[in-house]
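This briefing is meant to be read beside the sequence and the model, with the points grouped by topic. Please keep the structure open while going through them.

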Amino acid sequence: MYAITVPQPGGPEALIWDEVPDPTPGPDEVVVDVAATAVNRADLLQRQGNYAPPPGAAPYPGLECSGVISEVGANVTAHRVGDEVCALLSGGGYAERVVVPAGQLLPVPAGVSLADAAALPEVACTVWSNVVKLAGLRSGETFLVHGGGSGIGTFAVQLGAALGAVVITTARAAKHEQLRALGAHHTIDYPAEDFVTRCRELVDDGHDGVDVILDIVGAAYLARNVDALATGGRLAIIGMLGGRKAELNIGVLLAKRGTIFATALRSRPLAEKAEIVRRVHDQVWPLVGSGAIRPVVDRRLPLAEAAQAHRIVESSDHLGKVLLVTG
């Protein structure tokens with residue numbers, strides 16, 4: 001089979017289309033013939049040599065995929081050869097075939113094409129586990145999504161709206177109309193407007209900030225995110241686009257009785273990831289099936305053109321996911 005390999009870290013040109021050994025499933029795994037995979041920021045970090053796959057994972061990038069099961073392990077009873085699925089991966093999606101733990105498989109949601117289903121598993125599991133499981137976003141609360149035009153952002157905007165939250169998102173002005181169509185109640189032009197000031201203007205009278213923030217920026221936004229929180233607010237940090245280290249005024253956080261979460265999905269134990277996948281299937285997949293949430297796909301490129309897909313994602317000019325398809 002063929003896969004996108006990274007013989008040496010570097011720019012997009014470091015991604016090489018090459019022949020690699022076929023995967024073999026373990027007793028609790030299946031092999032999926034990949035129809036599509038999606039480009040995530042973590043893939044860019046891996047290509048640069050800054051985000052190694054966990055032990056035992058395939059060495060190729062790719063944290064989610066969709067496709068058809070072609071082999072099942074001896075202990076797998078809930079899935080059969082020929083099933084159409086999508087999957088959360090620890091790596092290996094940029095390949096024609098990939099081994100997947102059975103607990104990380106999801107059915108293709110009703111109304112979603114097999115290829116487009118590849119845009120869902122990683123963002124759904126990341127957003128649900130942070131925004132719902134940890135931060136406990138509830139109907140009527142205010143929810144700030146940073147990077148609304150990203151794959152994570154477009155999904156978070158839709159999930160927040162589906163849960164009945166008032167959704168505010170930061171994004172380039174060119175993406176605002178599309179984000180409002182996805183369910184955002186308010187949009188903030190992040191290069192031109194201070195999001196702390198705008199959030200205070202947008203929240204209901206008597207409310208002192210936003211209840212939940214989902215942040216992909218990290219250090220550069222830490223202090224301002226805490227300033228933007230309401231009393232009892234919750235900040236979930238899932239990225240470090242703006243750096244790893246920052247100084248925080250603990251007094252402000254104490255006064256707000258605020259909570260900060262910082263999580264990564266890829267490095268979690270298999271049992272934790274399987275539990276997240278089960279909960280996403282139960283709670284989120286019905287929203288996708290009803291049309292309340294849909295995969296947002298900016299464009300589709302052949303898997304062999306992964307380098308071009310990385311350039312597009314690095315430019316941040318896309319909205320939603322960039323898919324790599326094998327067919």
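Of the 327 residues in the protein, 53% are buried. The model is predicted, and the protein holds 10 helices and 15 strands. The points below move from the overall form to the cores, one helix, the rings, the backbone and the cysteines.

**Overall form**

- A compact globule of 327 residues would have a radius of gyration near 20 Å, and the value for the protein is 19 Å, which agrees with that expectation.
- Along its principal axes, the C-alpha trace of the protein spans about 60 × 40 × 35 Å.
- When contacts between residues at least 6 apart in sequence are considered, 67% of them join residues that are at least 24 apart.

**Nonpolar cores**

- The largest nonpolar core has 62 residues, and within this core F143, F155 and W285 touch the most other members.
- The element that gives the most to this core is helix α2 (residues 121-134), which supplies six residues.
- Leaving aside residues up to four places away in sequence, F143 touches V131, L137, A156, G160, A165, V166, V167, I168, V212 and L214.
- Apart from the largest core lies another one, of 13 residues, whose members include L301, I312, V313 and L324.

**Helix α10 and its surroundings**

- The buried residues of α10 are A306, A307, A309, H310, I312 and V313, and two of these names, I312 and V313, also appear among the members of the 13-residue core.
- These buried residues of α10 pack against β1, α1 (41-47), β14 (297-302) and β15.
- An α-helix has 3.6 residues a turn, so residues three or four places apart point the same way.
- After α10 comes S316, whose phi is positive, near 60 degrees.

**Aromatic pairs and a charge over a ring**

- Two aromatic pairs are present in the structure.
- The ring centres of Y2 and W17 are 5.5 Å apart and the ring planes lie at 25 degrees; planes under 30 degrees apart count as stacked, so this pair is stacked.
- The stacked pair links distant parts of the chain, since Y2 belongs to strand β1 (residues 2-5) and W17 to strand β2 (residues 16-19), with their positions 15 residues apart.
- Y2 is partly exposed, at a relative accessible area of 35%, and W17 is likewise partly exposed, with a relative accessible area of 35%.
- In the other pair, the rings of F195 and Y221 have centres 5.0 Å apart and planes at 45 degrees, so the pair is tilted.
- This tilted pair also links distant parts of the chain, with F195 in helix α5 (residues 195-202) and Y221 in the loop between β11 (210-215) and α6 (222-228), 26 residues apart.
- F195 counts as buried at 3% relative accessibility, and Y221 is buried too, with a relative accessible area of 11%.
- R266 lies over the face of Y51, at 4.8 Å from the centre of the ring.

**Positive phi outside glycine**

- Most residues other than glycine have a negative phi.
- R257 is not a glycine, yet its phi is positive, at about 50 degrees.
- R257 is found in the loop between α7 (250-256) and β13 (259-262), and at 60% relative accessibility R257 counts as exposed.
- S316, also a residue other than glycine, has a positive phi near 60 degrees.
- S316 is placed in the loop between α10 (306-315) and β15 (321-325), where S316 counts as partly exposed at 21% relative accessibility.

**Cysteines**

- The structure holds zero disulfides.
- For C125, the closest cysteine sulfur is that of C86, and the two sulfurs are 9.0 Å apart, which is too far for a bond because a disulfide needs sulfur atoms within 2.5 Å.
- C125 counts as buried, at 0% relative accessibility.
- C199 is buried as well, with a relative accessible area of 1%.

Conventions
Residues are numbered from 1 along each chain as its sequence is written. This is a predicted model: local features need pLDDT of at least 70, side-chain atom pairs count only at pLDDT 80 or more; totals for chains, interfaces and linings use all residues. Side-chain values use heavy atoms; hydrogens and water are left out. Rings of Phe, Tyr and Trp (its six-membered ring) pair if their centres lie within 6.5 Å; planes under 30 degrees apart count as stacked, over 60 as edge-to-face and the rest as tilted. Helices (H or I, at least four residues) and strands (E, at least two) are DSSP runs, numbered from the N terminus. Buried means under 20% relative accessible area, exposed over 50%, partly exposed in between (1.4 Å probe, protein chains only). A charge sits over a ring if NZ of Lys or CZ of Arg is within 6 Å of the ring centre and within 35 degrees of the ring normal. A nonpolar core is a set of buried Ala, Val, Leu, Ile, Met, Phe, Trp, Tyr and Cys residues joined through side-chain atoms within 4.5 Å. Contact means heavy atoms within 4.5 Å. The radius of gyration is taken over C-alpha atoms; the globule rule is 2.2 Å times the number of residues to the power 0.38.
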